[in-house]
Amino acid sequence: MPTSESGPVETGAASWPAARVPIDRKRQPSGDEARERAMRAAISVIAEKGTAALRMSDIAERAGMSTGHILYHFGKKDRLLLEVLAWSQADLWVRFQQAADEAASPTAKLDLFVRFYLPTHQGDERYALWTQVLAQHHDEAGRRILTELLDGWDERLEAIVREGRDLGHFADVDLPEFTIRAVAMLSGLSEDVMFGRSRWENTSPHAFALSALERELRPAGQG
């Protein structure tokens with residue numbers, strides 16, 4: 001359940017202004033404008049209150065829209081959270097790709113992948129949103145959206161490892177099996193960070209994960 005590293009890369013929650021928009025009932029936004037405004041507002045409210053305390057009325061107030069208008073476009077809170085997750089991940093993928101395009105090597109790209117995947121801190125809102133959305137019961141359309149999001153990160157990791165393998169920087173590992181192991185490890189570390197386990201108080205989860213992945217990817221004969 002990827003998130004984004006602090007520093008030069010900002011999370012979606014930090015990118016959107018928190019100012020409330022006055023409700024103009026004579027000119028309520030429609031279509032894509034309404035959906036984008038609602039999702040920006042949801043990201044802002046989630047950053048302040050978390051997903052559990054999120055109410056549709058809070059989103060409506062922040063977006064300058066009526067609660068009925070929010071319900072019209074999204075139907076219910078669960079659907080809104082799913083769409084916000086997909087929207088925020090699309091934003092994160094753009095940021096990741098921009099950073100990866102500037103990376104000097106596959107090893108640097110692997111470092112970026114780990115940074116973007118792990119939560120930045122205990123209570124990371126993007127990871128919390130992933131957790132809540134995955135715990136929901138989804139219809140076929142919802143499961144398809146989530147599967148595409150999860151597969152998207154698997155594909156990015158495989159592309160990095162494939163590039164490194166082709167250049168001789170990485171060992172010739174079985175890509176599907178390596179990806180399963182790598183993502184499982186990163187997900188476990190992410191849960192530790194979100195829970196606030198003391199084992200990471202003086203140790204970097206990022207450094208631990210990157211070291212483990214690089215060790216498995218080190219070509220034979222290299223110390």
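The protein has 10 helices and 0 strands, where helices (H or I, at least four residues) and strands (E, at least two) are DSSP runs, numbered from the N terminus. This is a predicted model, in which local features need pLDDT of at least 70. Residues are numbered from 1 along each chain as its sequence is written.

**Exercise 1.** How should helix 5 and helix 7 be described: roughly parallel, roughly antiparallel, roughly perpendicular or oblique?

*Solution.*
Step 1: Two packed helices are described by the angle between their axes and the distance between the axes.
Step 2: For helix 5 (residues 77-102) and helix 7 (residues 125-135), the angle is about 135 degrees and the axes lie 10 Å apart. Axes are lines fitted to C-alpha atoms over the stretch in contact, and angles run from 0 to 180 degrees between N-to-C directions.
Step 3: Angles under 35 degrees count as roughly parallel, over 145 as roughly antiparallel, 65 to 115 as roughly perpendicular and the rest as oblique. Helix 5 and helix 7 are therefore oblique to each other.

**Exercise 2.** What should the 12 residues of helix 6 span at 1.5 Å a residue?

*Solution.*
Step 1: The expected span is 1.5 Å times one less than the number of residues.
Step 2: For helix 6 (residues 106-117) this gives 16 Å, which agrees with its end C-alpha atoms being 16 Å apart.

**Exercise 3.** How many residues of helix 6 are buried?

*Solution.*
Step 1: Buried means under 20% relative accessible area (1.4 Å probe, protein chains only).
Step 2: In helix 6, 9 of the 12 residues are buried, including Leu-110, Phe-113 and Tyr-117.
Step 3: Their cover includes helix 5, helix 8 (140-166), helix 9 (175-195) and helix 10 (205-217).

Technical notes:
This is a predicted model: local features need pLDDT of at least 70, side-chain atom pairs count only at pLDDT 80 or more; totals for chains, interfaces and linings use all residues. Side-chain values use heavy atoms; hydrogens and water are left out. Buried means under 20% relative accessible area, exposed over 50%, partly exposed in between (1.4 Å probe, protein chains only). Contact means heavy atoms within 4.5 Å.
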